[in-house]
Amino acid sequence: MKMFSVAHKTVFVVDHCPYMSESSRQQVECDVLTKSRAQGVIPLAPVSKSLWTCAVECSMEYCRILYDIYPKDKLVNYVVSDSEFHILNSWRRENQSTHELMAALAAVGPPNPREDPECCSILHGLVAAVELLCKITELQHEKRTALMDTAERVANRGRIICLTNAKSDTHVRMLEDCIQETILEQNKLAACSDRLMAIQQCELVLVHIYPQGEDTLVSDRLKKEISPLLTSEVHSVRAGRHLASKLNILVQQHFDLASTTITNIPMKEEQHANTSANYDVELLHHRDAHLEFFKSGDLHMAGTSTRENGLKETITLKWCTPRTNSIELHYCTGAYRISPTDVNSRPSSCLTNFLLNGRSVLLEQPRKSGSKVISHMLSSHGGEIFLHVLNSNRSTLEDPPSISEGCGGRVTDYRITDFGEFMRENRLTPVSESSHNPAGKLPVERAKAQLERHTRYWPMIISQTTIFNMQAVVPLANLIVKETLTEEDVLTCQKTIYNLVDMERKNDPLPISTVGSRGKGPKRDEQYRIMWNELETLVKTHAGATDRHQRVLECIVACRSKPPEEEERKKRGRKREEREDRSEKNVSKETEDKSWAESERSVRLKGLLEKENPESEVIKDSPDSPEPLNKKPRLIAEEVQPAERAKGPVTLLSMWTNRITAANSRKHQEFFGRATSVNSKFELYQHLKEENGMDVHENGKASR
Amino acid sequence: MPTVVLMDVSLSMTRPVSLDGSEEFQRKNLAVHGLNMLFEHMASNYRLEFTALMAFSSLWELLVPFNRDYNALQDALSNLEDYDKTCIESALHGVSNVVQQEWGSACPCQVVLVTDGSLGIGKGSLRHSLQNLKQRGDDKKFPLPFPFPTKMYIMCIANAEELQMTDAMENLEELLRLSGGDGQIFTVDGPLCMKTVQAMFGSLIDYAYSPFHAVLHCGNLSSDVQVFPRPEPVVMDEEVEPIPRTVNTDLEIVGFIEIADISSPPVISRHLVLPIAVNKDVDEVGTGTTDELEEEPSASQMAGKSPNFCVLLHGSLKVEGMVALVQLGPEWYGMLYSQADSKKKSNLMMSLFEPGSEPLPWLGKISHLGPISEAAENPYGEDDSKSPFPVQPQVKRSYAQNVTVWIKASGLQTDVQKILRNARKLPDKTQTFYKELNRLRKAALAFGFWELLKGVAELLERECTLLPDSAHPDAAFQLSHAAHQLKLASSGDSQYAAFEHNIQPMHTDFSS
């Protein structure tokens, strides 16, 4: 359905002339006596509705279904006509509810039978209806404003449903002519107004209502074109039940609705609470929910039944009692609002209450072959019930390559849990339009901005990061991504930093991963350098945000700077390690075939890592705890080290020698020069060079 | 979107193509050459597409049912035999059956019709079929439009001039129009030869089978991805917005939502999101999705070992049971989630919502979803026990409020009986009695059903006379008070018949 089809605007014009106060002659027994009280009591005479009451309640039912299924932008304007017209509401969205209309109708009251019939006419209302159709709706206005130069794409169409008691076919023709003329007149007026739109298409649905037992004076007529602007159809219906089912059919036709009957709903009996009987409930909804049935042509196979009036079809779907309330993401190709045809019957309200309480029900399509196909699901969202259409066909996406086979699929240490935490922090919440400052950024843009801030530094795998594996860094890491920091936040960040300084002073181990980097893990002071670098990288990405962010960065820079000698010593140590690193890399390139030592080492290293992680886990929770346990595994790593360093195939002798040397070296403190030597050579006075800025390159490299 | 290749194997396809010297080709050879090229392209760039091969003349035959085995398709092409005359109508019936049997009637499908533009003679020819379109009974309907959404590509092994000499072009255009108009007629540009046919199939590939590459962003994290099948442009309202909307090549995650909150939303299409390695050395985007696992183990292994954001995202979405809301364009959104195909295999999937600002009523306007950090207190609660979803509509639906409908007599009877039942239990049920009474009163006033008000007033008066001696004295007072009030309302006097007015219980005090 187009946004601005005739269904966008509906005007009800209901006759309020004296003859509408006539009885419909359909009697309702409202005094149902129970047997025990029956003796001696004269039951109340049955009441009967007037033509007016019939017209009003059926039109309200039409509106009820319409508003249930299209709560927005399918609008109704209600007009009552007697000696003049009374407009009961407007196109405005807030006026669109049955409650609003009922209140207005109560104010109008039933027609006055004593009023002069000569002064009264439905024409007043019909003329008013045409004028109303020219009035622009909020949606039309919004779209015209949004489309700017192509505003002419916004069409103005509408439908007039006239409930009246016409005198004859000639009378009907006179009404049509009058509407046609009014449209032409109003279109001229609309051409020179901003708030009015010319009518491009108008559909007149004239329903002639007459009392039961009388013969109709007006004949039914199918839709016919009166002019390019106006089509008209006439329905001649007896008041009461017939009128109700006529309007029910009309609302389905006018708004592309279809009917589904849910069958086999188990329900506790009112009288016998321990037995349950099966009930059926009929629902209306957009007909696209049956699209699959229509297209595949097995409408009749799908349990269609034609109902008594022979005009309406309903599709039967079978209730499947929900087993669990498991949360599942169904592949759903459509979801359509529903409205029960018989809203306050007991089975209907049992079904709707069940759904409104949050349960979902799968529906099965009965097939002749006996195979079961779940084709639909009923589910409520926020007090609205939807019929979901589930895909029951073969998927064209079946058997796709698993994500583990694709890019990044072999990596095993993704920070899945951390990203899960990240997702929870970046969940969304509705922001009411009233609390949103129209001048500011839209909430969704702010959500994106938050994602941007939170991901400025976000290593994807565990072995790429140190700080995010440390409990001690968490307070700072959580705060620094904020758009603004409070004074208290800055303090917390600083505390975190001091805490890290403290850890470093105590030489606490860090959860640095050695995966990927060949050779043993870096030395403790190197580890801290890596950690500080990483922390600085993280904070730097946010330092520009506010002065307080900047202060956190300054705190890090200040805290990590060391007394000169100490720093110097460290740098040398680093340099040595780096060279080792490089030589190791050469080795690994040269020896394609892994020596047994190496492969053993990798196995051990793995074990080491696995051990090391839980350990550091313990420690990171309490930075004050002593450091001992870590010593042993580290020895293993060092033990194997020499085998690596040797070039070419390793001889038994060299392995032995290395082993002994390693063992001996642990018994005394190594000379500084020897310890930092490269190929047993040590460059003297190297600090002279470094002072000339040689270390820049090293710093850069060591950060990874 | 599955593809059916419908290959004309009528005798006219065996017409030789006049070439200067060298070998002699039939049109069929050229068609097979073009199709081989298409299949090779699909095998390396569009591997997940299900393709079927059908051959037709006056009869049709399904040579290869839907699958992804492009070798089998190529094998079948090399074993084509020649048959009699072209009969497109029956072949289209065949397509319709084959597709619906496999995919149902909702799955969009592409049909590649390869023919030479001689569209048969006499009964069963396309000309004949189109001429008597309107004089057919329901049982002999022309197969177009298919019940499923169709893209029809007509590949003519003939050039446009040749087709325009007869009415072939007109008939093919009519055929395309009947199929729904979505598709294209391709003709050979210039003289018929391998090269020109290649060029024609090349344009088909560009038009319909070029992979959709995009970059998935989540703040500063990103990954190059292929979206399969490629998302098709969508027209929401041909009148207000006739220009089709297309999916951006930058897919931006805006935030995350629990699966329970998004709650099986309706989607217009589903797509696999496959991370791809972009080859920086070559200007072109690397073809290596997962397709080249066998062919280039080293390259794909490298790609497998470098961390990819898609894998991280997929893993966390799966573990947490969440979806990522992703922006596809202006006022157009979708969701990313983990979809398990079997116990072992799972994948990152993207579903597209209907374009618009509020595709899911229970989320409200997507543009008005903001970060939880901005809320005064965490809307999910400190222990994740709450949720800000679903968003409640402003007005309750009829079934969620106690509406009054008296269209069926039973509805009216039930309401009257409810009042009487409570009337007999006065004064215990005073509140319920007046609640039901006022509900009835309101509806009767709105429907102008004053007769009912009088009737119920009489019923209440009768109840009053039937009260047993043991009844509480208040019961009689309340009953006659209520009856009196109803009578006043039925007079239409605006003082008593106001819709919003409620009959209040009579104030009685029997304690003194």
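**Figure 1. Helix H14 of chain A, residues 547–560, in the predicted model**. At 1.5 Å a residue, the 14 residues of this helix should span 20 Å, and the C-alpha atoms at its two ends are indeed 20 Å apart, which agrees with that expectation. The buried residues of H14(A) are A:His549, A:Val552, A:Leu553, A:Cys555, A:Ile556, A:Cys559 and A:Arg560. Because these residues cover an arc of only 150 degrees around the axis, they lie on the same side of H14(A). An α-helix has 3.6 residues a turn, so residues three or four places apart point the same way. The cover over the buried residues of H14(A) includes three helices of chain A, namely H11 (474–480), H12 (487–505) and H13 (524–543).

**Figure 2. Packing of helix H9 of chain A with helix H10 of chain B**. Helix H9(A), residues 416–425, and helix H10(B), residues 309–320, pack at an angle of about 70 degrees, and their axes are 8 Å apart. Since angles from 65 to 115 degrees count as roughly perpendicular, H9(A) and H10(B) are therefore assigned to that class. On the side of H9(A), the contact is made by A:Ile416, A:Phe419, A:Gly420, A:Glu421, A:Met423 and A:Arg424. On the side of H10(B), the residues making the contact are B:Phe309, B:Val311, B:Leu312, B:Leu313, B:Gly315, B:Ser316, B:Leu317, B:Val319 and B:Glu320. Taken together, the residues of this contact divide into 9 nonpolar, 3 polar and 3 charged.

**Figure 3. Two buried serines of chain B, B:Ser490 and B:Ser129**. B:Ser490 belongs to helix H14 of chain B, residues 473–490, and, with a relative accessible area of 4%, counts as buried because this value falls under 20%. Leaving aside neighbours within four places in sequence, B:Ser490 is in contact with B:Trp450, B:Leu453 and B:Lys454. B:Ser490 and B:Phe449 are 41 residues apart in sequence, while their C-alpha atoms are 8.3 Å apart in space. B:Ser129 is placed in helix H4 of chain B, residues 126–131, and is likewise buried, with a relative accessible area of 1%. Not counting residues up to four places away in sequence, B:Ser129 touches B:Glu89, B:Gly124, B:Arg136 and B:Phe142.

**Figure 4. Cis peptide bonds before B:Pro145 and B:Pro390**. The peptide bond from B:Leu144 to B:Pro145 is cis, with omega near -5 degrees, and B:Pro145 is found in the loop between H4 and strand E7 (150–159) of chain B. A cis peptide bond also joins B:Phe389 and B:Pro390, where omega is about -5 degrees. B:Pro390 is located in the loop between strand E16 (369–371) and helix H11 (409–423) of chain B.

**Figure 5. Positive phi values at A:Arg25 and B:Glu331**. A:Arg25, a residue other than glycine, has a positive phi near 65 degrees; A:Arg25 is in strand E2 of chain A, residues 23–28. At 43% relative accessibility, A:Arg25 counts as partly exposed. B:Glu331 has a positive phi of about 50 degrees although it is not a glycine, and B:Glu331 lies in the loop between strand E13 (322–329) and strand E14 (332–340) of chain B. At 41% relative accessibility, B:Glu331 counts as partly exposed.

Conventions:
Residues numbered from 1 in each chain as written. Chains lettered and ligands numbered in written order. Predicted model: local features only at pLDDT ≥ 70, side-chain atom pairs only at ≥ 80, totals over all residues. Heavy atoms only, no water. Helix = DSSP H or I, 4+ residues; strand = E, 2+ residues; numbered from the N terminus. Expected span 1.5 Å × (residues − 1). Buried < 20%, exposed > 50% of the residue type's maximum accessible area, 1.4 Å probe, protein only. Arc of directions from axis to C-beta. Contact = heavy atoms within 4.5 Å. Axes fitted to C-alpha atoms, helices over the stretch in contact; angles between N-to-C directions. Parallel < 35°, antiparallel > 145°, perpendicular 65-115°, else oblique. Nonpolar A, V, L, I, M, F, W, Y, C, P; charged D, E, K, R; others polar.
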